Amino acid sequence: SKLLARQGITVALVARREDALRSVAAEIEAGGGAASVHAVDVADPEATVAAIEAADDALGGLDLVVANAGVGKGLWSGKLTWADCADVLAVNVTGATATLCAVLPRMVARRRGHLVGVSSIAAYRGLPKFAAYSASKAYLGTFLESLRVDLRGTGVSVTDVRPGYVRTAMTEQNESMQFAITAEDAAERIWKAIRARRGMVTFPLPMAAGAHL
């Protein structure tokens with residue numbers, strides 16, 4: 001979001017932690033950018049849609065919607081319960097879908113817009129101890145692919161971002177993260193893909209090559 005703001009883009013921040021959102025918004029505004037805060041838990045699809053519709057109304061039509069929220073929980077499948085899967089699916093599947101669909105018909109009517117979903121290299125395979133997470137990202141990748149096919153010629157672009165390990169608060173508990181990159185590096189790669197309106201971007205290269213093989 002800070003990288004987008006540096007490009008002169010007005011940013012609408014949507015997430016559950018209002019204090020963290022206001023901190024990011026303050027940084028953006030201190031740098032001369034513009035940001036609005038919409039505190040909502042993306043696991044609540046109705047609230048998510050309402051918040052994004054409100055941002056769309058306030059800003060005169062969103063040009064870009066990024067579904068970036070995600071949670072991961074590593075657990076051996078022999079101990080897996082529904083409760084262990086529920087929050088992963090609520091955010092990574094339901095929340096991501098609500099985010100991407102919130103103003104999709106409006107974008108099509110305006111004949112402009114760009115939808116970006118952050119899936120994962122995990123979408124390619126079922127990773128050990130990450131059954132729900134891998135499945136949720138496979139869903140998101142397939143959903144984005146269908147959107148891209150359907151929306152061809154409408155003026156609305158779709159990009160599937162499939163990163164490997166990125167050093168964030170979500171991954172800090174991971175013991176081993178081969179080829180991990182910083183969040184800043186990931187943001188630059190994603191922004192480059194958005195500008196090029198690429199259908200898919202996968203990184204870093206060693207992990208991407210391994211996943212494809």
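A polar contact is a pair of N or O atoms within 3.5 Å, of which, within protein, one must be able to donate a hydrogen and the other to accept it. In this predicted model, the side chain of Asp-56 meets that distance limit, with a polar atom 2.7 Å from the backbone nitrogen of Leu-62. The protein has 213 residues, of which 39% are buried, and its secondary structure comprises 8 helices and 8 strands. Of the contacts between residues at least 6 apart in sequence, 65% link residues at least 24 apart.

**Asp-56 and its surroundings**

- Asp-56 belongs to helix α3, which covers residues 45–58.
- Its relative accessibility is 3%, so Asp-56 counts as buried.
- Apart from neighbours within four places in sequence, Asp-56 is in contact with Gly-61, Leu-62, Val-103, Arg-106 and Arg-110.
- Of these partners, Leu-62 offers its backbone nitrogen to the polar contact at 2.7 Å, and Val-103 is also a member of the second nonpolar core described below.

**The open sheet**

- An open sheet is formed by 4 strands in the order β3-β4-β5-β8, with parallel pairing.
- The edge positions are held by β3 and β8; each has a single partner strand, so one side of each lacks a neighbour in the sheet.
- On average, neighbouring strands of the sheet are turned by 15 degrees against each other, with direction ignored.
- At one edge, β3 pairs with β4 in the parallel sense over 4 bridges, and Leu-64 is placed opposite His-114 of β4.
- At the other edge, β5 (residues 156–163) and β8 are likewise joined in the parallel sense by 4 bridges, with Arg-162 opposite Thr-202 of β8.
- In a regular strand, side chains alternate between the two faces of the sheet.
- Strand β3 (residues 64–67) has Val-65 and Ala-67 on a covered face, while Leu-64 and Val-66 are on an uncovered one.

**Helices lying across the sheet**

- Helix α4 (residues 82–101) lies across β3 and β4, and its direction is at about 180 degrees to β3.
- Helix α6 (residues 131–150) lies across β4 and β5, and runs at about 155 degrees to β5.

**His-114 in strand β4**

- His-114 is located in strand β4 and is buried, with a relative accessible area of 2%.
- A polar contact of 2.8 Å joins the side chain of His-114 to the side chain of Thr-159.
- Beyond neighbours within four places in sequence, the residues in contact with His-114 include Asp-63, Leu-64 and Val-65, together with Met-107.
- Further contacts of His-114 are made with Val-156, Ser-157, Val-158 and Thr-159, and with Ile-194 and Arg-197.

**Nonpolar cores**

- The largest nonpolar core has 21 residues, among which Leu-13, Val-161 and Phe-203 touch the most other members.
- At least two residues of this core come from each of α1 (2–6), β1 (11–15), α2 (18–30), β4 (113–118), α7 (183–196) and β8 (200–203).
- The greatest contribution to this core is that of α7, with 5 residues.
- A second, separate core holds 18 residues, including Val-103, Leu-104, Val-156 and Val-158.
- Two members of this second core, Val-156 and Val-158, are also among the contacts of His-114.

**Cysteines**

- A disulfide is a covalent bond between the sulfur atoms of two cysteines.
- The count of disulfides in the model is 0, the cut-off being a sulfur–sulfur distance within 2.5 Å.
- Cys-85 is buried, with a relative accessible area of 13%, whereas Cys-101 is partly exposed, at 32%.

**Positive phi values**

- Most residues other than glycine have a negative phi.
- Arg-111 has a positive phi, near 60 degrees; this residue lies in the loop between α5 (104–110) and β4.
- With a relative accessible area of 53%, Arg-111 is exposed.
- Arg-197 also has a positive phi, near 55 degrees, and is placed in the loop between α7 and β8.
- Arg-197 counts as partly exposed, at 45% relative accessibility, and is one of the residues in contact with His-114.

Key
Residues numbered from 1 in each chain as written. Predicted model: local features only at pLDDT ≥ 70, side-chain atom pairs only at ≥ 80, totals over all residues. Heavy atoms only, no water. Core = buried A, V, L, I, M, F, W, Y, C linked by side-chain atoms within 4.5 Å. Buried < 20%, exposed > 50% of the residue type's maximum accessible area, 1.4 Å probe, protein only. Pairing = 2+ DSSP bridges. Contact = heavy atoms within 4.5 Å. Axes fitted to C-alpha atoms, helices over the stretch in contact; angles between N-to-C directions.
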